[in-house]
Amino acid sequence: MAQIAMATGFILILIGLYGALTNRNLLRMIIGFTIAHSGVNLVLVAVGYLSGRTAPILDSAVPMAEAAERIIDPLPQALVLTAIVIGVGVTALMLAYAYRIYVTKGTLDIGKCRELKW
Amino acid sequence: MSENITLALSLLLALTMIVAAVMAVRGKRSLPIAILAAGLVSLLTSVQFLLLAAPDVAMTEAAIGSGLTTFLFFFVLSRVRGGVDD
Amino acid sequence: MDFDWMKIPYSLLTLFIVVNYGMILNAFIQKIGARVGRRHGIPIWQNYADLIKNYSIRSSITHGVMFYLGPVFRLSGGVGLLLFVPTIYGSYMFSNMSFAGDLILALYFVFFGTLGMALGAAESGHPHAAIGITRGLSQVTAAELPFALAVFAVALQYQTLSVTDIVAAQQGSFLNWTLFTNPLAVTAAMLSFLGSMMRPPFDVVLAPQEIPIGPPTEYHSSYLALMQTNRAIFPIAKIVIYMNLFFGGAASWPVFFLKVFCIYMISVLVGVVFPRFRVEQSIRWFLIWAVPVGILAVVLV
Amino acid sequence: MVDGISFIAVSLGAAFLLGMLRDSWRFAAYGVSLATLAFLTWNAFCWTKGFAVDGLVPIEIFTAGTPPPFAVNLRLGLTESALLLLVHITALLSAIYLRDTLMQQGRRAMSVLLVLCMALSGIILTRDLFNLFVFVELTVIASGGLILLSQDKRALGAGFKYLIVSQVMSILLLIGIFFAYQATGTINIDGMAEQSALLFKGGFLAFFLMFMAVVLELKPFPANGWALDVYESAHPAFSAIISAAVGAASLIALDKLLLIAGPDWLMLTSIIGLITFIAANLFGLAQENDRRLLGYSSVGQIGLVMLVLGQKDILGDNYLFVVGGILLAHAVAKAGLFWISGLVQGRELKDWAALRQRPLLLFAFASFIALLMGLPPFPGFYAKWELVHALAAADRLWLLGLMLFASLLEAGYLFRWFGYVIKRDLPEQPLACPWHKRTVVMLALVAAWALAYIWGELSPHSNLLHLLPLLFALAFLVLEPLPAWLKNLLAIGGMVVWFLLSYPGYDPLQLIYGGIILIGGSIIFLASFYGSAQRRLGFYPSAMLMYAGLSLLIVAEDSFNFFAAWELLTVGSYFLILRGKESEPHALSYILFSLGGAFLILAGFALAGLGAGQIPLARLADLSGQTSGELAGWVFLLLAIGFLTKTAAVGLHIWLPGAHAEAETDVSPMVSGILLKAGLFGLTMLLMTMGKQQLYGVELTHVMLWIGAISALVGNLLAVFQEDAKRLLAYSSIGQMGYAVFGLAMMNHLGWMMALMFVINHYIYKSMLFLSVGGVAKRTGTRLMYQMGGLITLMPLSFIAVLIGIIAVSGVPPLSGFGGRWIFYNAIMSDEYRLPLVIIFLAGPIAFLYLFRLIHTIFLGQLKDEHRKLKEAPFWIVLPQMIFVAFLMIFALVPGLALRHVDVYIGQFFAGGPSLNWEGLTITSQFGQWAPIPIMIIIGVIFMTLFLWLLFVNRRAQKVKQFNIVFAAERPYRPETTHFAWNFFAPYRKALGFLTQPLVTRFWETLTDLLHQLADLLRRFYTGNGQTYAVHLLLFVVAVYLLQKGMM
Amino acid sequence: MIRRAFVLLLLLALGAIFLDLLLGFVPATELNETARYYAERSAADLGTANITTAIIVTYRGLDTLGEVTVLFLTAAIVGLVLSWGRRSAEGPQRQLLPTGELLTTGKNLLVPLILLLGVYVFVNGHLTPGGGFQGGAILASGILLMLLTDPMKRFSHGMISAVESFSGLVFVGLGLLGVALAGGFLDNRLLPIGTVGELFSAGVIPIIYSFIGLKVGAEFSSMLVNLSETEDS
């Protein structure tokens, strides 16, 4: 189960990176990165998964005393949550950049942003 | 849910996600479709999170990763119509 | 330090003998050259006549201080060279001023006159003078090298730089002469000797046959006279060094005359036979023929 | 001093507070931002002071009231606080610098800046991996925002490229962190370090990914194209922050990771750093854009620090000292340079010539360059010293060599740039110089010098800024506004006083060198009174720096002080040489050769240190006894080549002619007559301590003999064919130094005497000749000899100086040059190597040629029409020449005055060998004798007699113009046509010209061309495409992966 | 094409690294020490039922602070970037299609509900899945809906910004209060932790999480609003 999710995650990362590195359109590149991010998050959550356990929320089903035996590792989840938000932040920033580039250059082609080189 | 069903579901999800992801990154499709496909990947990821017993993450991914992000994309897309040269 | 004032008259005596000998020898040699060329040649006293004429000539002009000093340098060089080397071995009277220095002093003092001459000639403002100087200096750098090597070889051989000691080491039999104990060094030195005597085939510097050319171009009257005096002294002074280093020195004046004459004749004979080299040719010649011999001499000592 | 959490909470709070302000209250917002940054700067300063001075122990900051590893914890110690200080001070100054931009962009831009500070503080403080990730991402985003502040539209593309690669990095980092957590059960850095065995059992890859991500943040080659684009296009104040603060923070992140990694990963880090350092500096060579160049330099410097981080295992207690020295030097210098670049309008390197309008800025620029290069007294110098010693002690010589090589490349472009600034035409656009920006630069300047002082204090060796001569030299910076004559007077006074103070402590050898340097130097300074109506900005500090270095060199007792003095004199002389009109390329090649030589010396000392941080120079003597194998030989070789670079031995000589010839009139004698002696002094010191050494069975002094001989030949030969008078003299110096080296290498008593004789003689006559030729050149306006001629009547005093000079140089009796030759012959008599002598013999007479040429073509022959009204050289240039003439005479008469004591002194080292007897008027050796005074008298008497005689017979001689000649029976009509001067020794060129083929020049030119072309070719690899950069990044990851797999 | 192939090749190599990771991955069967601590102690110490929330808001509050700052930063930068667009107008104004009646009505009905839901989610963050971020996102989607239905609607930037900043300040302020009054920065035990499972429990966690929610909502809204307004340039 965790392995499947993890494998999927890795494949998504690769697909996302492929998209980001081969498409010349800025928006498509950003799409590629969001997919890669989803993949990363999937991998990360899968890392913390313990087969046969439940979410780290204490309620009647999971009393405090049994928590250690019943729940999965909560830390990766907390971290992934942060990672997701950060990912969105970066995506938004990239989108803002794409928009600016479009406004100043009239194109979204990454190949046209090459005044700086060497 | 029994173990097997979860597994099967998980596999199915995985396959769908990969297909959607490929759709999103292949340059042939139009941009809105690509964005939607990416959103779909994100959404399916959040389902996967649920299966992995991570409801908090699932909610976040669904609300932020797939929802808001997709909207951000569309907002920008609508501003740069002319620049979409594919 | 107490200086023996008698050295001054003694030295002047040496000088006097050498000047006269040089004059006659020069004339004699010119005569030989002429005879070889089937000409009559100059009379033996011609040089005296020239000298007197030039000293007394009145239409002298000067181009400036250095022009004035050039011949002075030149002659000082010749006289000094002579005086810094003992002329007659074993004779206090004719040991001249050799207490002031050793072989090295003599070796480097050779350049004093050359340099002064070059300066004076250059001041004359005549382009031919300058051309002559460049030729002379170029040639001398190559010609001096085998000599320096030979000197070094000899100094190494006798483990001394003192001329007197070197001569002393060659006494006894003529087989003790460096000529026989170190033939390589002598060969190198003699090859160099040819070059430094301003005789054919190395006489392009002066080029006496052509119309005025070479360093002394602009010199005349008493300037020229000084140089002529030097021309009498300088070769002899140089030969004295060769003689002392390679040919056992001279213990008395007759031996001295003889040896100097013989050594001088070497260059004359060669000069009569060979045509003139251009400067770069002579440089190459020295480097190819003389220098290796000198190197061998140094290495094999 | 406020709690450490304030670094995060206060700036963040302020950033949020800015959001509450109205958009129009810009002054208030700006005030809040500045106040926050100032407060945090103060706080960081207090902490730093607390840790450094008051001995506080590092404090742990727990958050959430829970101990680590369960909650995030922070640690604040000396390193952290120092870096915090760096970050905040850079940000504060940049904020001041950015005043107009920030005011225009409003509170949002300011809050981005504050958040960036907070993020960097977080990186520095945190001890938690994921927290590190969060702050790294914050940094990326904040940087991405600040890049947008640039007016430059290209910044958009650059920023986007930055975001692309940081996306890839964050993916790697996240995956790495999670797998590492999974393997060790903790996410705390210290916790993971304890568990590192567990981590590496299964989690090699996890660590690898984290490691790569952090390394990539440090812009390693080749995955750094984006960084260069950012540096080039971002606002300079922001580039200053990236380069200084972000770089520093990323380095500490790497340091934290290395804590986990253990020793296996250290070398990898070093290799990555090294490759980056080399590549960046190589590419810098081909760069003409200033900010991009600064970018390359930043990348390179960070690479260097990475290299040092990887050497943690061998640096021991010095780790922080070395890392800190290099890092802080880089940070201050780079921030300063970026700030200056905001003042300069043009974007090409040569546009920086505008800095000349503001001497203070120019000084700042020079200081920053020196700071970057690690020249003394700046911290990089101390740090590199320790680093090199540690590397040598650990036998990591390849690392050492490559690092020094790359430093040399760096010197190549930095000093080329400096040359542009000093020498190129002022650009049309003036400096844009509002006071607040200038103040910021000045504060960086102050920081630079403060660091220099602090590092000097921290250094286990002496603090160079406590050295009186150096301080005296620096004092001239302050005295710059004074008129030149006063400064000149002070300089002379200072040198004389210093000599009087220190000569009782000198041994005879030092006395000779000290006399030449200090007294000789003051005499040359007399010439500087000429033209002292102007202020001659920069002349006195440079000259005094050189003299300070020289005078410290001769008294140095340990390797550290020796090397420091060596660098000081090199730098000082470089500035001096650069002052010449056309000297830009020559000064560059001078400094490059010198630094190359200096690096060899450094390496040599390091090898000789055997693990000790410095050694007394005398200890070099024990080296061959202490070590086995070839070590002593290598030390000897390195040091000798280093010193031979300074004496311009053949092969390493090509810098000299230009440098000496193009220098100013009074500078040429300094750099020729005095500076060259530094190399000889070094060789003397080396030979005196180490004696003869062998390497693979080759006797090294024997090799040196050959080098000396060939230098003598080549120098003289090349001098013959020069048309430029000063070049001729310069080449002649090469020959003269060849003689001296030859003498030293003979390794016998008389050889050394000869060398010392040359030292003295060369100083006198070369100074004299350079002055007279310089005076002539000043009057005629040219240095080409064939354009002169016949100046003897117009400039008689100069002529006399040259005449005396050439007689002395050529070694013709009776002047002192002969003494040198005489000792030389005596010396070679007892030497067993004879072949090199042949070459020396050949070289001897050649000197004649060029000397004659010098005097003839300038002073003799026909006077040119346009020179008819020339006057004698200026009084102040003639005066020292006359002093030198007197010196020469005295030295010719009584050489024993100077040489007797040193003869005895040297005798100690060659016990039993032949020596000289100085009794009476005659100097005798075992082979011969030499009586200078009688020689002088005899020659004088003969000469005067003949002269008077000639005067008598010629008393009616009529003075006529030189032009009044009979030119092959034709009357010449123009003087020019009768002055035979050009290509003077044509026949000689025909015969021996083949020996003067510029093989060496061609070799070095080919080498530099190759490097440049390589740089130009390889940098095209940075295509400017963001995706390509990301591909590079992946390539890098894969390559390192394979490399590390292979290594482990 | 070569480029694609090259990228593909590199990614395959990267994939190999990932595969290595995947194959070397051994799922844990027991909670490790850190996780066990959280499982056993968070409820007792902090009084939260949702352990993830405890970690996010308290144990790793510093991360969360950073996370919030990321959004703050992004919002600020997006504002910065887009504000230039507004200044330098380019191109003719586009005519907008009027929105339909249905959508407007739907909006009027839905927006309050959505906002309420958002508030609920973050107020209950310490008890149930979800919290400030999710709630904030839901709030923002309410705003989004308003934007979609009425593109001409003007939101007060000052208002959004003030909410955002104020929430941030409260967050930081509460954190600092923790230093002063409790065990350290962001210690939640400023207030009594109460009984696990109740709304008013877990110290300041609900308060902080609520402000996080407000802040996140404001930040997303600010981004969206900024983006939507650029159109009318």
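**Exercise 1. The contact of chain E with chain A**

In this predicted model, find how many residues each chain gives to the contact of chain E with chain A, and describe the side that belongs to chain E.

*Solution.*
Step 1. Count both sides: chain E supplies 44 residues and chain A supplies 35 residues.
Step 2. Assign the side of chain E to elements. Those that give two or more residues are α1 (2–24), α2 (33–46), α3 (51–59) and α4 (61–87) of chain E.
Step 3. Rank the elements. α4(E) has the largest share, with eleven residues.
Step 4. Sort by class. The side of chain E that touches chain A holds 29 nonpolar, eight polar and seven charged residues.

**Exercise 2. The make-up of chain E**

Determine which elements chain E contains, what percentage of its residues is buried, and how its contacts are spread along the sequence.

*Solution.*
Step 1. Chain E has eight helices and zero strands, so the order from the N terminus reads α-α-α-α-α-α-α-α.
Step 2. Of the 233 residues in chain E, 55% are buried.
Step 3. Take the contacts in chain E between residues at least 6 apart in sequence; 72% of them join residues at least 24 apart.

**Exercise 3. The span and cover of α3(D)**

Check the end-to-end distance of helix α3 of chain D against its expected span, and decide whether the helix is mostly covered or mostly uncovered.

*Solution.*
Step 1. Helix α3 of chain D runs over residues 78–97, which is 20 residues.
Step 2. At 1.5 Å a residue, with one less than the number of residues as the multiplier, the helix should span 28 Å.
Step 3. The end C-alpha atoms of α3(D) are 28 Å apart, in agreement with that value.
Step 4. For cover, 18 of the 20 residues of α3(D) are buried, and the helix is mostly covered.

**Exercise 4. The packing of α16(D) and α20(D)**

Classify the packing of helices α16 (residues 319–343) and α20 (residues 435–458) of chain D.

*Solution.*
Step 1. The axes lie 9 Å apart, at an angle of about 165°.
Step 2. Angles over 145 degrees count as roughly antiparallel; therefore α16(D) and α20(D) are roughly antiparallel to each other.
Step 3. The crossing of α16(D) and α20(D) is left-handed.
Step 4. List the contact residues. Among them are Phe321(D), Leu328(D) and Trp339(D) of α16(D), and Lys437(D), Val440(D) and Trp455(D) of α20(D).
Step 5. By class, the contact of α16(D) with α20(D) has 18 nonpolar, three polar and one charged residue.

**Exercise 5. Pairs of chains**

Which pair of chains has the most contacts, and how far apart are the nearest C-alpha atoms of chains B and D and of chains C and E?

*Solution.*
Step 1. Six pairs of chains touch, and chains C and D have the most contacts among them.
Step 2. Chains B and D do not touch, with nearest C-alpha atoms 15 Å apart.
Step 3. Chains C and E do not touch either; their nearest C-alpha atoms are 64 Å apart.

Terms used
Residues numbered from 1 in each chain as written. Chains lettered and ligands numbered in written order. Predicted model: local features only at pLDDT ≥ 70, side-chain atom pairs only at ≥ 80, totals over all residues. Helix = DSSP H or I, 4+ residues; strand = E, 2+ residues; numbered from the N terminus. Buried ≥ 20, exposed ≤ 12 C-beta atoms within 10 Å, placed from the backbone. Contact = placed C-beta atoms within 7 Å. Nonpolar A, V, L, I, M, F, W, Y, C, P; charged D, E, K, R; others polar. Axes fitted to C-alpha atoms, helices over the stretch in contact; angles between N-to-C directions. Parallel < 35°, antiparallel > 145°, perpendicular 65-115°, else oblique. Left-handed = near helix turned anticlockwise from the far one by under 90°.
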